[in-house]
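Welcome, and have a look at the model below before reading on. The notes that follow are meant to be read side by side with it.

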Amino acid sequence: MEMEEHQNPIMRVTGLKKYFPVRRGFFQRTMGWVKAVDNVDMTIDTGKTLGLVGESGCGKSTVARLLLRLIDPDEGEIRFNGQDISRLSEKEMKPLRKEIQIVFQDPYGSLNPRMTVGQTIEEGLRTLGMNRDGKTRARIAELLEMVGLSPEFADRYPHEFSGGQRQRVGIARSLSVEPSLIICDEPVSALDVSIQAQIINLLKDLQDHLGLSYLFISHDLNVVGYLCDRVAVMYKGQIVEEAPSTVLFDNPRHPYTHTLLSAIPDPRPEAAGLLNIPENWEDMALEPPEGCGFSVICPDRTEACRKPDTRWVRVGDGHYVRCWKAN
Ligand SMILES: Nc1ncnc2c1ncn2[C@@H]1O[C@H](COP(=O)(O)OP(=O)(O)OP(=O)(O)O)[C@@H](O)[C@H]1O
Ligand SMILES: [Mg+2]
């Protein structure tokens, strides 16, 4: 999908695919495939935030791992600042690793409990060969201040921090190597609502000061609406709608986005209570129908929805829907 509104993309993804085998039984035979990421197009603009939302299991974290090149795509292209990185070897990726960082949902799980915060940040710098100038200590203090923590915290261990503080440490660690793109995978989902707002504001401030670009993954549309310039809605491996975030909230056009909005805070379509879910729904995930993945439960479906290639329809300024009915 070519979108004319993207003047200055830092990352552009086209036709991205990742299927995982589903194995069952004693012999672990392959019973089918989970289409975790199925022909995804998305663009992250320089200095902006793209939100990626959808229910649990729709493929958000798989997208994150693909963009970070932690796993290999089956198909598709990932362009970072114009360069196709989708097939680069580990060695070729090395100089780019520092450019693309991640902030995880669970900072406790991703911080080594036996390392002080200072050691954790230093390790990040060392892995990417950025601790050579003998100023590491000062850099750690600067990073902690940047994320609103006292420099004395460098000598403390993760268990001495609250959840919000630990997430600040996680952000400091990502920032340490001066990335240009940060992929935030549910960075506030594990935090209390009041703390969520602080972390979101921190991310916003950092973006303003450092010109960072973000992919912000969440199942919570409220969070996304505040932080993101544009939002992409994902359903069973496919992006079904993408729009500027205000437009998406005011004028959602894909039936799934409707259910997602009506189901806050529970994003599953079942929770919206609007749809008839077939009994074999879970099994169908293994053998989804051709065409639109949502058509199985969509109240507006017709035969045309089963055509193999659901096309993107432009329904307004920067507003795209993968549903032929949206026209
Ligand atoms: N390594 C793997 N092997 C097999 N299946 C996998 C693997 N990783 C992910 N999957 C499957 O791919 C689908 C997408 O998973 P993914 O973790 O990307 O979803 P998600 O949107 O991040 O969910 P959540 O909101 O719960 O974090 C799921 O059905 C998941 O079970
Ligand atoms: Mg996930």
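This report goes through the two sheets, the helices that pack on them, and the surroundings of the ligand. Please keep in mind that this is a predicted model.

## The four-stranded sheet

Let's begin with the smaller count of strands: four of them make an open, antiparallel sheet, and their order is E2-E1-E4-E5. At the edges you will find strand E2 (29-45) and strand E5 (83-84), each of which pairs on one side only.

Strand E1 covers residues 9-24, and its antiparallel pairing with E2 runs over 13 bridges. If you would like one pair to locate on screen, try Arg23, whose bridge partner in E2 is Thr30. Helix H1 (residues 60-67) lies across E1, E2 and strand E4 (75-80), and its direction is at about 120 degrees to E1.

## The eight-stranded sheet

The other sheet is also open, with eight strands in the order E6-E7-E8-E3-E9-E10-E12-E11 and mixed pairing. Strand E6 (100-103) and strand E11 (313-316) have a single partner strand each, so one side of each is left without a neighbour in the sheet. From one strand to the next, the twist averages 20 degrees.

Within this sheet, strand E7 (residues 181-185) and strand E8 (residues 213-218) are paired in the parallel sense, with five bridges. Asp185 is a handy place to look here: its bridge partner in E8 is Ile217. Helix H6 (residues 163-175) packs on the sheet, where it touches E6 and E7, and its direction makes about 175 degrees with that of E6. Helix H7 (residues 193-210) lies across strand E3 (49-53), E7 and E8, running at about 160 degrees to E8.

## Around ligand 1

Which residues come nearest to ligand 1? Of the 13 residues around it, they are Ser56, Gly57, Lys60, Ser61 and Thr62. Ser56 places a polar side-chain atom 2.5 Å from an oxygen atom of the ligand. Two other residues approach through the backbone: an N or O atom of Gly57 lies 2.7 Å from a ligand oxygen, and one of Cys58 lies 3.2 Å from a ligand oxygen. Taken alone, ligand 1 exposes 640 Å², and the protein buries 62% of that.

E2 and H1 are the elements that give two or more residues to the shell around ligand 1. H1 provides the largest share, with four residues. By residue type, the shell divides into four nonpolar, five polar and four charged residues. H1 therefore appears twice in this tour, as the helix lying across E1, E2 and E4 and as a contributor to the ligand shell.

Note on methods
Residues numbered from 1 in each chain as written. Chains lettered and ligands numbered in written order. Predicted model: local features only at pLDDT ≥ 70, side-chain atom pairs only at ≥ 80, totals over all residues. Heavy atoms only, no water. Pairing = 2+ DSSP bridges. Contact = heavy atoms within 4.5 Å. Axes fitted to C-alpha atoms, helices over the stretch in contact; angles between N-to-C directions. Near = heavy atom within 4 Å. Polar contact = N/O pair within 3.5 Å; in protein donor to acceptor, adjacent residues only side chain to side chain. Areas by Shrake-Rupley, 256 points an atom, 1.4 Å probe, with all protein chains shown as cover. Nonpolar A, V, L, I, M, F, W, Y, C, P; charged D, E, K, R; others polar.
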